[in-house]
Amino acid sequence: MVKVALAKGRLEDETFAFFKKCGFRFKERGDRSLIVEDIGQRIQIFIVKPLDVPTYVFNGVADAGICGTDSIVESQFKLVQPMKLPFGKARMVVAGLEGFKPKNGTIHVATKFPVSAKTYFESKGFDVKIIKLHGSVELAPIVGLAPLIVDIVQTGRTLKENGLSILEEVYPISAVVTLNDVAYRIKRTEILSFLERLKRGIEDESPR
Ligand code: PRP
């Protein structure tokens with residue numbers, strides 16, 4: 001059985017829908033259950049916080065992980081990503097109040113994604129101070145915690161409803177499959193057949 005760490009929240013429903021398309025079948029499950037197996041006992045899914053998916057995979061507790069590219073960047077683990085999935089599309093962006101112009105000196109940036117934010121601003125030669133938040137990041141420029149945020153934008157609704165604009169794109173995001181390399185060596189046949197099933201699911205979805 002392939003053990004898969006899956007990001008709870010936005011990707012969770014899309015991934016289960018995709019798994020069903022790939023031929024996996026599941027029993028009804030409780031909202032709070034954290035381990036789910038398919039009826040054919042091919043996969044065992046661990047439901048974890050998105051930023052924890054790489055940790056489960058890197059430590060070999062899960063053979064594979066499904067999360068957004070942002071979680072892998074933030075983890076700083078070097079993980080193999082053999083497959084991009086056709087959902088979970090979003091963007092990591094810099095946003096702020098319309099017309100914001102950086103002054104000389106240190107830029108304050110509020111974010112849930114400190115690695116992405118720091119790497120981006122430092123690569124542009126800015127001296128940056130990261131203010132780590134755990135959610136509702138769009139509030140920061142409005143109440144004066146930091147003029148800029150680095151955050152994920154999917155539909156753009158949250159930015160719009162809070163009067164913020166995208167100032168720059170940091171990187172595009174999609175859901176990806178990641179693998180533990182030791183598991184891949186030991187359980188190669190099982191993992192390859194899991195990936196093959198996903199690949200067929202993607203091909204069935206693609207326009208012909
Ligand atoms: C994410 C992200 C943005 C929002 C973007 O937050 O950090 O706040 O979704 O989505 P949109 O472009 O479709 O509006 P999430 O909903 O996970 O909540 P959080 O702020 O509590 O982290």
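Which element provides the largest share of the shell around the ligand? Strand S9 does, with three residues. Keep in mind as you look around that this is a predicted model.

Let's start with the space itself. The ligand occupies the largest pocket, which has a volume of about 850 Å³. Two elements each give two or more residues to the ligand's shell: strand S9, spanning 148-153, and helix H6, spanning 157-161. Both S9 and H6 also appear in the lining of the pocket, where each supplies at least two residues, as do helix H1 (10-21) and helix H3 (69-75).

Now step back to the pocket wall as a whole. Its lining is made up of 31 residues. If you look for the ones nearest the pocket's centre, you will find Arg10, Pro50, Lys112, Phe113 and Ile152. Sorted by class, the lining holds 11 nonpolar, 11 polar and nine charged residues.

Next, move in to the ligand. Around the ligand there are 13 residues, and those that come nearest are Lys112, Glu138, Asp151, Thr155 and Thr158. The shell contains two nonpolar residues, along with six polar and five charged ones.

Which side chains place a polar atom beside an oxygen atom of the ligand? Lys112 is one of them, with a polar side-chain atom 2.3 Å from a ligand oxygen. For Thr158, an N or O atom of the side chain is 2.4 Å from an oxygen atom of the ligand. Arg10 has a polar side-chain atom 2.8 Å from a ligand oxygen. As for how much of the ligand is covered, on its own the ligand would expose 500 Å², and the protein buries 72% of that area.

Lys112 is a handy residue to finish on: Lys112 is among the residues nearest the pocket's centre, and also among those that come nearest the ligand.

Notes: Residues are numbered from 1 along each chain as its sequence is written. This is a predicted model: local features need pLDDT of at least 70, side-chain atom pairs count only at pLDDT 80 or more; totals for chains, interfaces and linings use all residues. Side-chain values use heavy atoms; hydrogens and water are left out. A residue is near a molecule or strand if one of its heavy atoms lies within 4 Å of it. A polar contact is a pair of N or O atoms within 3.5 Å; within protein, one must be able to donate a hydrogen and the other to accept it, and residues adjacent in sequence count only if both atoms are side-chain atoms. Accessible areas come from the Shrake-Rupley method with a 1.4 Å probe; for residues, only the protein chains shown count as cover. On a 1 Å grid over the protein atoms alone, a cavity is a set of points where a 1.4 Å probe fits but cannot get out, and a pocket is an open set with protein on both sides within 12 Å along at least five of seven lines; lining residues have an atom within 4 Å of a point. A molecule sits in a cavity or pocket if more than half of its atoms lie within 2 Å of its grid points. Helices (H or I, at least four residues) and strands (E, at least two) are DSSP runs, numbered from the N terminus. Ala, Val, Leu, Ile, Met, Phe, Trp, Tyr, Cys and Pro count as nonpolar, Asp, Glu, Lys and Arg as charged, and the others, Gly among them, as polar. Grid points are joined across faces, edges and corners, and a volume is the space filled by probe spheres set on the points.
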